[in-house]
Each structure stands twice: as structure tokens, then as C-alpha cells.
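Here is a walk through one model, with an eye on where its chains meet and which charges pair up. Have the structure open as you read.

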Amino acid sequence: MPPTLISVLGSAGPTDGSMSPDARRDLGLDRVLDVLQLEGDLARAFVTPLPDEDAVRFRQDVFRDLERESTRVALTALADAVQRAVQQRDAAARIRQHPLRHRLHLNSVLAYLQALDAAVEHLEGVRSEALLQLHDHVSALAGSPFIGRMRDEAARLEALWHDIRFTMLVQGGRLVVAPFDDEADLDSAAEAAFGPLGGTALLERPPDRARTGLLGDQLGSVAAFVLDAVAHIEPDLFEALDTFFGGYEDMVDPDLERFARELPFYTRYRRLVSGLAATGVAFALPVVSATDPRIRVHGLVDLALALRLAEEGARPVGNDLELQRDERIMVVSGPNQGGKSTAARALGQLHHLASIGCPVPAVTALVPLTDHVATLFPREERLESLAGGLGEEVERAHALLAGATPRSLLVINEAFASTAADDARVLLTEVLRRIESVGAHAVCVTFLDEVAALGDGIVSLVAEVDTADPAVRTFTLTRRPADGRAYARSLAERYGLTAEAIRARVGGGVR
Amino acid sequence: MILPRLLGPGSIDPDADADADLVRDLELDLLLDAMADGDARVKAVARVVLTSPGGPPETVHRRQGVIEDAARHPEAILALDEIARVAVVPDRADPLWMLSLHPSSSQRLAHALRRLERLTPLLDALRVWCATHGRALTGDAFVELVAAIERTLDDSALTRLRTTMKELAAPAGVVFSASLDGVGEVAGPRLRMPRAENHRLLGGPPLRRPHRTYLIPERDQAGFDAAAELIDRAVLHAGDVASDAVAELDRFFVALHDELGYLSAAVRIRSRLESLGVVLCRPVPAGDSEGFIAAHLVDACLALRLGDVPVGNDVAFSADEVLVITGANHGGKSTLLRALGVAQLMLQAGLPVTAVSCTASLTRRVHTHWTRAEDEHLQHGKLDDELARMSSVVDAASPGDLVLSNESFASTNEREGAAIGLEVVTALAACGVRTAIVTHLFDLADGLARDAAVPTVLLRAPRAVDGARSFRLVPGPPLPTSFGADLFDAEFGTHLADRSSAPQDRKEPA
């Protein structure tokens with residue numbers, strides 16, 4: 001038997017730094033998790049940062065292997081077939097009528113065998129440690145004599161089943177099943193008679209594939225009668241199915257069962273990536289370093305915003321952000337139009353996604369390996385909070401600082417906005433001082449311009465939002481001079497009635 | 001079944017949205033009402049034919065020929081329309097009208113068979129009509145239609161149709177062959193005719209032995225549902241084929257009825273205009289470069305409204321020229337623009353044109369952009385509204401289309417209006433969109449006239465010496481006044497016009 005497989009998510013032990021539900025919501029990662037539909041262990045893996053560079057690289061390597069389509073298809077097919085085999089094994093156990101139970105079992109065997117063969121062939125050339133191990137495992141499995149015997153017998157039974165043919169008569173509540181007697185084809189006669197009147201396209205209509213619900217959880221009386229009657233017509237085949245079932249009732253490899261449960265961590269994220277890539281959002285595997293504190297990212301977008309815009313066929317415009325070796329804190333100020341929070345959220349997402357080994361929504365990215373990303377965002381006031389709005393916020397700030405390490409990223413959005421500006425300035429200044437002394441990274445969105453000028457480790461950025469086309473929401477962290485245009489002219493521009501716009505819209509031969 | 005296609009390729013959908021601005025701006029309802037003579041369906045058909053993209057020259061010739069046939073042989077048209085009219089009357093007695101929107105396939109099959117019972121006698125009648133009237137009609141469209149009917153509905157086809165209808169009625173139960181799919185369901189059902197030798201005297205099932213029979217217990221509703229579903233799946237294909245045939249026959253008869261209605265309307269409008277004394281010509285569809293050339297063109301819609309013959313104008317501008325009409329208010333500028341649009345549409349619809357002669361390149365579509373008194377929907381400012389409408393014109397326009405612009409961009413100040421207009425018209429012309437404009441914006445007209453990259457034909461509504469106007473336009477460059485003072489004088493009895501300086505002196509820098 002083949003050697004035991006390690007988890008495709010990596011063998012690293014659990015860390016205690018999983019992201020808090022509040023931070024998930026603040027950063028929009030809740031929405032991402034909803035789209036990914038990950039549950040249980042896989043959801044936990046998605047919110048828990050990895051402990052070291054090796055663990056990050058282990059997963060990044062799998063994502064790299066998944067870039068090759070044939071690898072991706074074979075892996076997905078293998079996981080699906082294993083899942084289906086498990087499901088059908090469980091379903092077959094619930095169905096009493098033996099002809100059907102045996103047939104469903106045969107199906108799961110066929111799908112499983114096919115996926116094994118495809119995996120052996122298409123995993124050729126993988127580089128990641130996880131998939132190399134998997135390849136060895138399935139190759140050994142596929143070559144075993146047990147699988148060989150199963151394969152031959154399943155193919156023979158499938159061919160026999162395919163050839164079953166019978167004739168039925170249905171009239172009201174009376175059904176008759178009889179051996180096929182090569183009766184004249186009335187469908188062809190109808191095609192010949194009606195075809196010339198109705199055109200020929202309808203003759204190429206695909207065959208009916210709709211499920212009829214004849215087989216629910218409970219096998220209906222009519223379906224049971226038909227199966228029994230056919231078994232009566234074809235006794236040899238049904239006996240052979242019975243024997244096959246007895247010989248190979250539980251054939252799924254337990255290691256592959258686990259692999260099939262874990263693979264969606266990669267494939268779901270990969271599907272999200274390719275869906276957004278279709279709308280023009282770039283993704284990259286970041287360079288993640290435990291020792292280099294610099295941040296350098298090009299074309300970064302907010303993943304949650306990108307998902308929302310994609311529904312409208314739009315995409316956010318990417319932006320560049322940078323922190324040098326001795327810089328730790330970005331302070332983002334500017335007009336109150338939504339671009340600031342987006343920038344902060346995107347940066348928080350970037351650090352977290354990088355720390356779990358996933359591709360990030362950017363063209364290129366260099367990111368320090370964070371032990372956790374924490375947030376301080378405004379909250380709805382809660383009735384049970386005795387301390388009141390500001391007191392509660394100060395408490396959360398305290399917890400934030402208490403948990404911070406030189407490897408954390410803190411995302412602070414409009415902190416202390418509920419108090420007077422002077423108070424807020426004092427509080428926020430103090431919080432930033434403490435972050436500096438811990439040596440953590442932070443991004444801080446505020447309307448208090450003065451905070452941006454606190455010291456050398458702090459970089460000031462001003463957000464401006466392009467409001468001309470609300471479909472392309474973006475954050476631009478630079479200063480831009482305002483420019484005025486004549487009213488009519490700018491209207492014409494908005495309606496696409498400039499010469500260039502008209503040429504582009506009408507097309508045709510320019511003379 | 002083929003479609004009649006008497007008016008050329010492409011089917012006519014009277015429910016399609018016509019370009020409402022086009023109908024309104026050209027006042028096409030006057031023409032359509034005169035054509036329809038009170039029949040709303042005919043009006044809808046005529047509106048679609050007139051406002052749909054124009055076909056190639058062959059389509060225009062085909063339409064002209066078929067209208068000629070209709071004028072010469074009204075009795076043949078009447079007899080054919082009588083058959084079509086019976087076919088398009090909805091069958092109120094058919095219970096399917098009462099049933100759900102999603103009938104089962106056996107209901108579909110039953111409905112199709114009932115409908116075919118009604119339609120087969122009409123197919124016979126079509127053949128009789130071909131034999132009686134077919135040879136008298138000489139236009140391409142009718143010749144093709146007669147040939148297609150005789151080819152599709154020959155004796156053997158009609159016999160086969162009747163036999164199959166009888167077999168599908170299957171009073172003794174539905175018989176089909178099938179296999180089992182991968183999850184044990186009945187799959188790939190195909191309807192079968194039981195073998196004669198398997199029929200038994202005592203009424204057992206007409207199938208080979210050994211067979212097994214199951215009688216669904218009376219209380220097993222799920223069992224009855226499953227049996228009904230088996231039948232539905234078995235007859236699905238036959239139901240589809242029969243329903244498609246019925247739908248196709250229905251489409252044929254509806255199209256035939258609509259197209260014959262259009263032919264009668266065309267004959268009607270011809271005699272109506274003639275009775276008013278309007279001169280009609282058979283227009284010539286020309287190649288892409290000719291543009292539009294007409295002698296003594298009048299607006300058909302205006303003639304119908306006046307009940308008289310309006311003043312005619314000569315117009316000629318080639319496909320790469322922009323027609324710029326300027327001049328006195330109430331000098332016949334808008335009327336000429338309308339006459340131009342209506343003539344273009346009538347030509348493409350196969351109708352005669354109200355001119356002594358007319359030759360025109362065919363356009364895919366005609367677009368209008370008229371100045372409006374108010375913002376229609378109170379959503380925007382007036383300029384906003386104008387720009388939004390022009391933007392939809394640009395969206396819809398392709399090279400070769402004809403854009404008619406009447407006092408566009410007059411809702412902002414003259415300088416800005418002219419600047420936007422110049423940009424739009426120049427860009428449209430550069431894209432190969434044919435454009436004719438009426439404007440009192442001197443900077444716009446003058447700018448176009450001076451732009452060497454945009455060849456123009458300039459027409460001007462003149463001001464007669466005594467202030468009266470002839471409505472006949474003459475070639476001439478734009479003047480920086482629209483003679484509004486004349487109108488003021490006519491209303492108030494003043495003499496402002498005499499006091500204003502000569503046009504050249506008031507000319508602003510271009």
C-alpha cells in the first residue's frame with residue numbers, strides 16, 4: 001500500500017493568532033469567506049496566519065502548480081470523484097432495493113478509477129512538495145493489483161448495462177415492461193412529417209437530460225417496478241452486479257478522502273482569482289519575508305470591493321504603496337469620500353492573505369510576514385457597554401496594543417471620532433507613539449491632518465477620489481490639483497460627445 | 001415551412017419598439033394613419049417596415065415589385081389574405097388557452113395535434129390558391145412564394161402529415177423503447193409503433209413476451225405522477241417537433257397576413273397622394289456614394305395634413321457631404337429636413353416618393369435629433385436632455401446612417417452650442433455618418449462651411465424683399481441673422497428689420 005500522505009494545507013502546527021471576527025468584518029474578509037464558502041478546518045486555515053516562511057512557501061507552491069490547467073483539472077476531478085464516491089457509498093447504504101444500490105456503487109467506482117488515472121497522468125511535472133507526494137501516492141495506488149482487477153470488472157459491467165433495451169407501454173395507471181422487439185420508430189416518423197413544416201434545426205435538439213425525480217431519497221413504486229422488471233429480463237447482469245458490490249464495497253483510500261476535503265481551500269480561492277482576473281484585477285504571489293520589514297506593492301486593490309464591482313462588470317483601479325525600512329506607520333488623511341478606508345482595508349487584506357500563503361490582489365507585492373492583523377474601526381454603540389462609546393473604544397485600543405508585536409499590522413480607521421478633535425488628537429498621538437515603540441506596522445485613517453506630521457517613522461498620504469465616474473471607484477494616495485472646465489464642455493464629455501469619443505463609439509472608416 | 005418574405009429578408013415584428021423620436025420628429029403618424037385606414041395592426045406593421053434598417057437595393061426592388069403586383073391583382077391578394085385571416089384567428093375553444101404557462105409535453109402534443117387539425121385544411125387551400133392565382137403574379141416575391149408552397153406542401157407531404165397525426169394520437173397507451181441510465185432511471189425514450197403480430201385478440205399488451213405488468217394502486221399518487229412523467233418524457237420529442245411545426249405555421253400565416261396588409265396599405269397611400277395632386281415617382285435606390293438627389297421634393301406628411309400640394313424643393317448632397325440648411329425663420333427649413341427623412345424611409349419601404357425624381361443611397365437607419373421645448377421627463381436640465389438624446393443617437397449610429405439634426409444644441413448660449421455642434425457634426429462626418437442639419441447657430445454653420453475637411457452643401461431659406469417667404473430654399477452660405485426681426489415686425493407692425501444693419505457688418509469673428 002502507498003505511504004501515508006501529509007495534509008495538502010501543510011504540516012505546520014496550529015498558531016493561536018487567528019484573526020478576530022471583528023477584524024474579518026472590518027477588512028471585508030467576511031465577504032470573501034462567504035464567496036469562498038469554506039467551512040470548518042478550511043475556514044480556520046483561511047483566518048489563521050502561518051508561523052514561518054517555509055509554511056507560506058509550501059502553500060504558494062501549490063498555488064503555482066495550480067496555474068497549469070491540466071493539473072488543476074485533474075486535481076479537481078480527483079477530489080470530486082473521491083467526494084462523490086464517498087457520497088454514493090453513503091447513499092447506497094441508505095437504499096434498500098439491491099439493483100439500484102449496486103448500480104450507484106458501480107458509478108462511484110468508475111468515477112474514482114477515471115480520476116485516479118487522470119491524476120497519475122496530469123500530475124506529471126508538479127513542483128510543490130504537497131503535490132509531489134500526492135503524485136507518488138496515486139501512482140502507487142493506480143498500479144496496485146487490487147485496482148487493476150476492479151477496473152476490468154467495472155468496465156465489463158458498464159458495457160453490459162449500456163446495452164440494456166426494453167419496450168414500455170404506459171396507459172393511465174397501467175405499466176407494461178417487455179423485451180425490445182425492434183418496433184418501428186414513431187419519433188423518426190414525426191420528424192419526417194413535421195420537419196419540412198418546422199424547419200430542420202429542431203431535429204438537432206440535444207437529448208433530454210432533465211432529472212425526473214423518479215428517484216428521490218425514497219425509490220418510488222414505478223421506478224422500483226421498472227428496475228425489477230428489467231432485472232427479470234436481464235438476470236445475468238444483475239447477478240454480476242451483486243457479486244461486484246460484495247467484492248469492492250469500500251474501496252476509497254482514506255488519505256485521498258482527506259485530500260478531497262482539503263483541496264477546496266486552493267481551488268475555491270483559485271476560482272475567485274480567475275473570476276476577478278476576467279474583469280481585469282491582477283493577482284500575484286507575494287514575496288513574504290520574516291526578516292525584511294519593507295512593504296512595496298504595485299496595483300493593489302481591495303478584494304471585497306473588487307468582488308462587489310465585478311457584479312456590475314467594473315473593477316477598482318490599482319494603487320501603489322510603499323514603506324521603507326525605517327518607516328512603520330502610514331497616516332491617510334483627505335476628503336471624506338471613501339477612498340481612505342478602502343486603502344486601509346486593502347493593506348490589511350494584503351498582509352493577511354500573504355500570511356496564509358494565498359495570492360494577493362496586486363501586480364507585485366513584497367510584504368513582511370505578519371503574525372496577525374488587528375483592527376480598530378468605529379462600532380455601533382452597544383447598550384451593554386457601561387463605559388460608553390469612547391470608553392469602549394479606548395478599551396479596544398488597549399487590547400489592540402496589548403496584542404501587538406513587531407510582526408503585527410494594526411489597521412486603525414477614524415479612531416476616536418466620537419470625541420472632540422483635541423481629545424482625539426491626544427489619544428491618537430499616544431496610540432501611534434506606543435505602536436512605534438512596539439515596532440509594529442500600522443495604517444491609520446484619520447481626519448486629523450496634524451497626526452500625519454508626528455515623526456520620521458510616519459508617512460503621510462492624502463486620499464483623493466475620482467468622482468467623475470462612480471463606476472470606477474478608486475483610491476489615489478497622492479495630491480492632485482483640481483482643474484475646472486466650462487460647464488457645457490464637461491457635460492459633452494460626460495455624455496461621450498467629444499470628437500474622440502464619437503469616433504470610438506461609431507467606428508467606421510475615418511476619412 | 002418557409003416564411004412568406006414578401007418584403008425581403010428578415011421578419012417583421014409589429015410589436016417591436018420603433019424609434020419613437022424618429023416617428024415623432026418626422027410626423028410619420030400622418031403617413032401611417034393614411035396607410036392603415038383605421039387598422040391598428042396594419043399601422044404597426046407599416047411603422048416597423050418604414051423605421052426598420054433599410055435593406056440592400058434588391059430589397060427595395062423586391063418591395064416595389066410586390067406592391068406593383070398588389071395594385072394590378074387585388075383579387076389575388078384578397079383571396080390569399082382570406083386564408084391567412086382564418087389561420088390567425090386564435091382558437092378560443094382550445095382548452096390550452098385556459099391552462100398554465102408551462103404545459104406538460106403531453107399537453108403540448110395534444111394542443112399541437114388539435115391545432116394541426118385546424119390548419120391542414122388551410123394548407124390545402126394554399127395549394128388551391130397557388131393553382132388559381134399563382135401564375136398571374138410576376139414579382140419575384142410572389143413567384144418565390146408560390147414555388148415554395150408547391151414544393152413544401154406536395155401531396156405526399158400532406159398525406160404523411162395526416163397519417164402521423166393519427167398515429168401520435170395513441171388512444172391505446174403510449175408505447176416507447178428505452179434504456180436505463182447510470183442511476184437506474186428510464187432513459188432515451190423513443191416512441192414506437194407496436195408490431196401488428198404482437199396485437200392479441202383478447203386485448204393483452206401488444207408487446208413481446210415475457211412482459212410484466214404493474215397496476216398502480218389507487219392511493220399511490222406519487223406512482224400516478226411518475227407514470228405521467230414517463231409519458232411526458234416519452235412524447236417530449238414528438239411534442240416538440242409537432243409544436244415547432246405548429247409555431248412555424250402560425251408564424252407563416254401571421255407574417256403572410258401582416259405583409260398582405262402592408263401591400264394593401266401601400267396601394268392605398270399611393271392613390272391617396274395621387275388624389276391630392278402630389279407628383280409621385282418610383283425612386284431609384286443607389287450605391288453607397290450617391291447620397292440623396294431629389295427634384296421638386298415635398299413632404300408627404302405635410303401634404304396629407306394640408307390636403308394640398310406643398311412647395312417643392314430640389315436637394316442634392318452626396319454621401320460624404322454634410323447638408324447645412326440655414327436662413328429665415330419659418331422659411332421651410334424644418335419642412336425640407338422632414339421631407340428628406342420621410343422620402344428616404346418611403347424609398348426603403350418600397351413606396352413611391354413625393355418628388356418628380358429621386359435617387360438615394362440606402363442607409364441602415366435614419367436618426368433624428370430635434371430641439372425640444374421642454375425636458376420631457378423633468379430629469380435633467382434642457383441641455384442635459386439634448387446631450388443625452390444625442391448620446392443615444394451616437395450609440396445607435398453606424399457609418400452610412402443618416403442623421404437629421406434640427407436646431408440641436410440651441411439650449412445653451414450660442415458660442416457653446418456651436419462649439420459642441422461643430423465637434424459632433426465633424427466627428428460624425430469623419431466616421432462616414434451622413435448628416436443633414438438645420439441650424440440658426442451662425443458659428444456652427446459658418447464653421448462647417450469653412451472646414452475644408454468637411455465638404456458641405458449649403459442651402460438657405462431666403463427672406464423675400466417684402467418680408468414674405470416662398471418656402472423654396474436656395475443654395476447659399478449662412479448669414480449671421482435668421483431674420484427674426486421680420487417675424488417681430490409681422491406680429492407687431494414694427495420696422496425693426498429695416499433698421500438692422502447689413503448681415504456682413506454684424507458678422508462675428510468665426
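How much area do chain B and chain A bury between them, and what share of it is on carbon and sulfur atoms? This is a predicted model, and in it the two chains bury about 7700 Å² between them, with 61% of that on carbon and sulfur atoms.

## The interface of chains A and B

Chain B puts 93 residues into the contact and chain A puts in 78. Three residues, B:Leu180, B:Arg212 and B:Tyr214, supply 10% of the area that chain B buries against chain A, more than any other three residues.

As for polar links, 27 residue pairs are in polar contact between chain B and chain A, counting pairs with both residues at pLDDT 80 or more. On the chain B side, quite a few elements supply at least two residues each, among them β1 (174-180), β2 (186-193), α9 (221-234) and α10 (236-276). The largest share of that side, ten residues, comes from α10(B). Sorted by type, the chain B residues that touch chain A split into 55 nonpolar, 17 polar and 21 charged.

Salt bridges turn up here too: the rule finds three across the interface of chain B and chain A. One to click on is B:Arg190 with A:Asp185, where the closest N and O atoms are 2.4 Å apart. The chains also share strand pairing, since β3 of chain A (residues 184-185) and β2(B) run antiparallel over two bridges. In that pairing, A:Ala184 has B:Met193 as its bridge partner.

## Strands inside chain B

Strand β12 of chain B (residues 456-461) has a parallel neighbour in β7 of chain B (residues 322-327), and six bridges join them. Look for B:Val324 opposite B:Leu458 to find the register.

β12(B) also pairs with β13 of chain B (residues 474-475), this time in the antiparallel sense over two bridges. There, B:Arg460 is matched with B:Val474.

## Salt bridges across the sequence

Side chains of opposite charge can pair when their charged atoms come close. Over all chains, the structure holds 40 salt bridges. In one of them, B:Glu68 meets B:Arg270 with the closest N and O atoms 3.4 Å apart. That pair links helix α4 (residues 57-72) to helix α10 of chain B, 202 residues apart. B:Arg270 counts as partly exposed because its relative accessibility is 24%.

Helix α10 also takes part in the pair B:Asp240 and B:Arg108, at 2.5 Å from N to O. B:Asp240 is in α10 and B:Arg108 is in helix α6 (residues 105-133) of chain B, so the salt bridge ties together parts 132 residues apart in sequence. B:Asp240 is buried at 8% relative accessibility, while B:Arg108 is partly exposed at 26%.

## A closer look at B:Asp401

Is B:Asp401 buried or exposed? With a relative accessible area of 0%, B:Asp401 is buried, because the cut-off for that label is under 20%. B:Asp401 belongs to the loop between α13 and β10 (402-406) of chain B. Its contacts beyond four places in sequence include B:Thr363, B:His367, B:Ala396 and B:Val433. The C-alpha atoms of B:Asp401 and B:Thr363 are 5.0 Å apart, although 38 residues separate them along the chain.

The B:Asp401 side chain reaches the backbone nitrogen of B:Arg365 at 3.3 Å. B:Asp401 also forms a salt bridge with B:Arg364, with the closest N and O atoms 3.5 Å apart. B:Arg364 sits in the loop between β8 (357-361) and β9 (366-370), so this pair ties together parts 37 residues apart in sequence. B:Arg364 itself is partly exposed at 35%.

How values were computed: Residues numbered from 1 in each chain as written. Chains lettered and ligands numbered in written order. Predicted model: local features only at pLDDT ≥ 70, side-chain atom pairs only at ≥ 80, totals over all residues. Heavy atoms only, no water. Helix = DSSP H or I, 4+ residues; strand = E, 2+ residues; numbered from the N terminus. Contact = heavy atoms within 4.5 Å. Buried area = accessible area lost by both parts, 1.4 Å probe. Salt bridge = Lys/Arg side-chain N within 4 Å of Asp/Glu carboxyl O. Polar contact = N/O pair within 3.5 Å; in protein donor to acceptor, adjacent residues only side chain to side chain. Nonpolar A, V, L, I, M, F, W, Y, C, P; charged D, E, K, R; others polar. Buried < 20%, exposed > 50% of the residue type's maximum accessible area, 1.4 Å probe, protein only.
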